[in-house]
Amino acid sequence: MPTKTETLMARGKAFLGSEYAILCGAMSWVSERNLVSAISNAGGFGVIACGAMTPELLDAEIEATKALTSKPFGVNLITMHPKLFELIEVCHKHGVTHVVLAGGIPPKGSVEAIKAFGAKVLVFAPTLALAKKLLRSGADALVIEGSEAGGHIGPVSTSVLAQEFLPALAEDHLVFVAGGIGRGEAIASYLEMGAAGVQLGTRFAAAAESIAHPDFKKAFFRAAAREAVASVQVDPRLPVIPVRALKNKGTEEFTAKQREVAAKLDAGEVDMHDAQLLIERYWAGALRRAVIDGDVENGSLMAGQSVGMVSKEEPVADIMASLIAECEAALNKR
Ligand SMILES: Cc1cc2nc3c(=O)[nH]c(=O)nc-3n(C[C@H](O)[C@H](O)[C@H](O)COP(=O)(O)O)c2cc1C
């Protein structure tokens, strides 16, 4: 007999081809071959974060991930990447089965280009109207991500998004819920509300298999929920997407960076598109400094509010087992 969790995850599992409908959301620098394969090997669904990688680097990363797992995994592409269509071609070459388009509305032809080689497309949508439009125009599944999440965030909390999106969409569409999920009890409730599955990032970032620097992981183990704060927009003309990260010198430097980019905008040295790219490049560099170099003072310690529930380094399989056990226990108590 299937467990209650299995029953509620059935649609999501069938779509992902994994044992559990639990995605590890792509995290730039963190979600590379080691973590991605560990997640998929543990029954979850790993997603490579392409971030600012070149097509050549993505090619190598997919190849290396395939060598470490025979289970399905996905690739997350940022829609504003200047070589998006080349990256899609790399996914095609490797027969990638699931592509996640993140960071904005998918540009014209991108969803079609992915579907043309038979892969499934997952998209993010900040509003219900946009979600409906994307699902109508070919997206196969939706991720709703609340402001509790780590990394780039929208303004609305997961609990509100879930109430807005799930009753409207969950019957006919696959919706995965992300942001602020630290334990299986929360997974149980989103599944009961109709979610096909969930996506976690923060909970897995400091797992044993994550290549993140030991000091990055230590910062996670020490941090409380209230220390994972959203960045503040400095200039009303420069709409920066807020980023949730642990408070440090790096978060203060971002304020200075915004002023610098706004000044370039004023001087006509860059247009709005380039200004936003400069900001995004700043984050990619700052995140690398923290994740890879272990510079936890000046780098960006992107983390969600669930960081308060991450207290020690655990293998991915143990984290997955706890989440599933907590979820099942919660459902059995109902
Ligand atoms: C360190 C870090 C880096 C992230 N980088 C990306 C990214 O490159 N692309 C993306 O779509 N989401 C990114 N995210 C968001 C995650 O994929 C995921 O949706 C989020 O972490 C889920 O919320 P949680 O952190 O509360 O579990 C990042 C999150 C973290 C913590």
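## A walk through the predicted model

Start at the ligand and select α9 (202-205): with three residues, α9 gives the most to the shell around the ligand. Keep in mind as you click around that this is a predicted model.

**Stop 1: the ligand shell.** Now select the whole shell, 28 residues in all. Which of them come nearest to the ligand? Light up Gly25, Gly150, Gly151, Gly201 and Gly304. By element, β9 (197-200) and α9 are the ones that give two or more residues to this shell. Try colouring the shell by residue class: you should get 12 nonpolar, 13 polar and three charged.

**Stop 2: the two domains.** Zoom out and give each domain its own colour: domain 1 is 4-211 + 310-333, and domain 2 is 214-305. Their C-alpha centres are 23 Å apart. At the contact between them, 22 residues of domain 1 meet 18 residues of domain 2. On the domain 1 side, β7 (151-152) and α9 supply at least two residues each. That side of domain 1 splits into eight nonpolar, 11 polar and three charged residues. So where does the ligand sit relative to the domains? Both domain 1 and domain 2 give residues to its shell, so the ligand lies between them.

**Stop 3: the nonpolar core.** Next, pick out Val47, Val99, Val175, Phe176 and Val198, which have the most contacts inside the largest nonpolar core, a set of 109 residues. Select α13 (316-333) too, since the largest share of this core, eight residues, comes from that helix. This core also draws residues from both domain 1 and domain 2, so the core lies between them. For a closer look, centre on Val99 and show what it touches beyond its sequence neighbours up to four places away: Gly74, Val75, Leu77, Cys91, Ile114, Ala119 and Val121.

**Stop 4: helix α2.** Select residues 33-41. Is this helix largely enclosed or open? Seven of its nine residues are buried, so α2 is largely enclosed by the rest of the structure. The buried ones are Arg33, Leu35, Val36, Ser37, Ala38, Ile39 and Ser40. To see what they pack against, show β1 (22-24), β2 (45-49), α3 (55-68), β3 (73-78), α9 and α13. Then step on to Gly43, which follows α2 and has a positive phi, near 100°.

**Stop 5: helix α12.** Jump to residues 272-291 and put a distance label on the end C-alpha atoms. At 1.5 Å a residue, the 20 residues of α12 should span 28 Å, and the ends are 29 Å apart, which agrees. Show the side chains of its buried residues: Ala275, Glu280, Tyr282, Trp283, Ala286, Leu287, Arg289, Ala290 and Val291. What covers them? Elements to display include α10 (214-222), β11 (243-246) and α11 (249-266).

**Last stop: Arg11.** Finish in helix α1 (residues 4-16), where Arg11 lies. Buried, partly exposed or exposed? Arg11 has 19 other C-beta atoms within 10 Å, so it counts as partly exposed. Leaving aside residues up to four places away in sequence, Arg11 touches Leu174 and Ala196. To get a feel for scale, draw a line from Arg11 to Lys249: these two are 238 residues apart in sequence and 44 Å apart in space, C-alpha to C-alpha.

Conventions:
Residues numbered from 1 in each chain as written. Predicted model: local features only at pLDDT ≥ 70, side-chain atom pairs only at ≥ 80, totals over all residues. Helix = DSSP H or I, 4+ residues; strand = E, 2+ residues; numbered from the N terminus. Expected span 1.5 Å × (residues − 1). Buried ≥ 20, exposed ≤ 12 C-beta atoms within 10 Å, placed from the backbone. Contact = placed C-beta atoms within 7 Å. Near = placed C-beta within 6 Å. Nonpolar A, V, L, I, M, F, W, Y, C, P; charged D, E, K, R; others polar. Domains from an automatic or database assignment. Core = buried A, V, L, I, M, F, W, Y, C linked by C-beta atoms within 7 Å.
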